[in-house]
Amino acid sequence: MTSIKAETWRENALCRQTDPELFMPDVGGSTRDARRTCMACEVRPQCLDYAVQAGEQWGVWGGLGQQELRRLIRARRAETEAA
Ligand code: SF4
């Protein structure tokens with residue numbers, strides 16, 4: 001279930017104005033243009049928080065590629081388990 005808060009940040013997502021394919025490249029495809037868009041996006045922090053909480057592991061979220069995102073998700077889970 002998506003929260004109202006999540007919908008609010010999505011309305012201001014800069015990627016809504018671009019080609020969505022940039023954010024879900026084929027294996028080995030470039031993420032450069034997507035990342036560049038993310039760096040100019042005003043809701044980048046909210047997007048990244050959402051991706052981590054939702055466990056999104058595909059595509060570009062909050063300026064991070066798949067490997068970086070997976071590392072961040074693992075680190076946050078480890079922090080939570082250690083707390
Ligand atoms: S940070 Fe990137 S993926 Fe997230 S909403 Fe903004 S442009 Fe889209």
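User: How far apart are the mean positions of the positive and negative charges of the protein chain?

Analyst: They are 5 Å apart. The chain carries 12 positive and 12 negative charges. Keep in mind that this is a predicted model.

User: What makes up the fold, in helices and strands?

Analyst: The protein chain has 4 helices and 0 strands. Read from the N terminus, the order is α-α-α-α.

User: Why is the protein chain called as compact as a globular protein of that length?

Analyst: Set the value against the rule. The radius of gyration is 13 Å, and the globule rule gives 12 Å for 83 residues. The two are close, so the chain is as compact as a globular protein of that length. Along the principal axes, its C-alpha atoms fill a box of roughly 40 × 35 × 20 Å.

User: What share of the contacts joins residues 24 or more positions apart?

Analyst: Such pairs make up 41% of the contacts in the protein chain with a separation of 6 or more.

User: How much of the chain is buried, and how much area does it expose?

Analyst: Of the 83 residues, 27% count as buried. The exposed area is about 6100 Å². Carbon and sulfur atoms supply 50% of that area.

User: Why is Leu 69 called buried?

Analyst: The cut-off for buried is under 20% relative accessible area. Leu 69 has 0%, so Leu 69 counts as buried. Leu 69 sits in helix α4.

User: What does Leu 69 touch, leaving aside its neighbours within four places in sequence?

Analyst: Leu 69 is in contact with Leu 48, Ala 51, Val 52, Glu 56, Trp 61 and Leu 64. Take Leu 48: the two are 21 residues apart in sequence, and 8.6 Å apart in space from C-alpha to C-alpha.

User: Which residues form the largest nonpolar core?

Analyst: The core has 12 residues. Leu 69 is one of them, and others include Trp 9, Ala 13, Cys 41, Trp 61 and Ile 73. Two elements give two or more residues to this core: α3 (44-54) and α4 (66-82). Helix α3 gives the largest share, 4 residues. As a general point, nonpolar side chains in soluble globular proteins tend to be buried together.

User: Which residues does Cys 41 touch, beyond its neighbours within four places in sequence?

Analyst: Cys 41 is in contact with Asn 12, Ala 13 and Leu 14.

User: Is Leu 14 buried, partly exposed or exposed, and how do you know?

Analyst: Buried ends at 20%, and exposed needs over 50%. Leu 14 has 24% relative accessibility, so Leu 14 counts as partly exposed. Leu 14 lies in the loop between α1 (4-11) and α2. Leu 14 touches Thr 37, Ala 40 and Cys 41, not counting residues up to four places away in sequence. Val 52 is 38 residues from Leu 14 along the chain, and their C-alpha atoms are separated by 19 Å.

User: Helix α2 holds Thr 37 and Asp 33. Why is Thr 37 called buried, and what makes Asp 33 partly exposed?

Analyst: Thr 37 has 16% relative accessibility, so Thr 37 counts as buried. The limit there is under 20%. Asp 33 has a relative accessible area of 36%, so Asp 33 is partly exposed.

User: What are the contacts of Thr 37, not counting residues up to four places away in sequence?

Analyst: Thr 37 touches Leu 14, Cys 15, Thr 18 and Phe 23.

User: How far is Asp 33 from Gly 59?

Analyst: Their C-alpha atoms are separated by 12 Å, and the two are 26 residues apart along the chain.

Methods: Residues are numbered from 1 along each chain as its sequence is written. This is a predicted model: local features need pLDDT of at least 70, side-chain atom pairs count only at pLDDT 80 or more; totals for chains, interfaces and linings use all residues. Side-chain values use heavy atoms; hydrogens and water are left out. The radius of gyration is taken over C-alpha atoms; the globule rule is 2.2 Å times the number of residues to the power 0.38. Buried means under 20% relative accessible area, exposed over 50%, partly exposed in between (1.4 Å probe, protein chains only). Contact means heavy atoms within 4.5 Å. Accessible areas come from the Shrake-Rupley method with a 1.4 Å probe; for residues, only the protein chains shown count as cover. Lys and Arg count as positive and Asp and Glu as negative; His and the chain ends are not counted. The place of a charge is taken as NZ of Lys, CZ of Arg, CG of Asp or CD of Glu. A nonpolar core is a set of buried Ala, Val, Leu, Ile, Met, Phe, Trp, Tyr and Cys residues joined through side-chain atoms within 4.5 Å.
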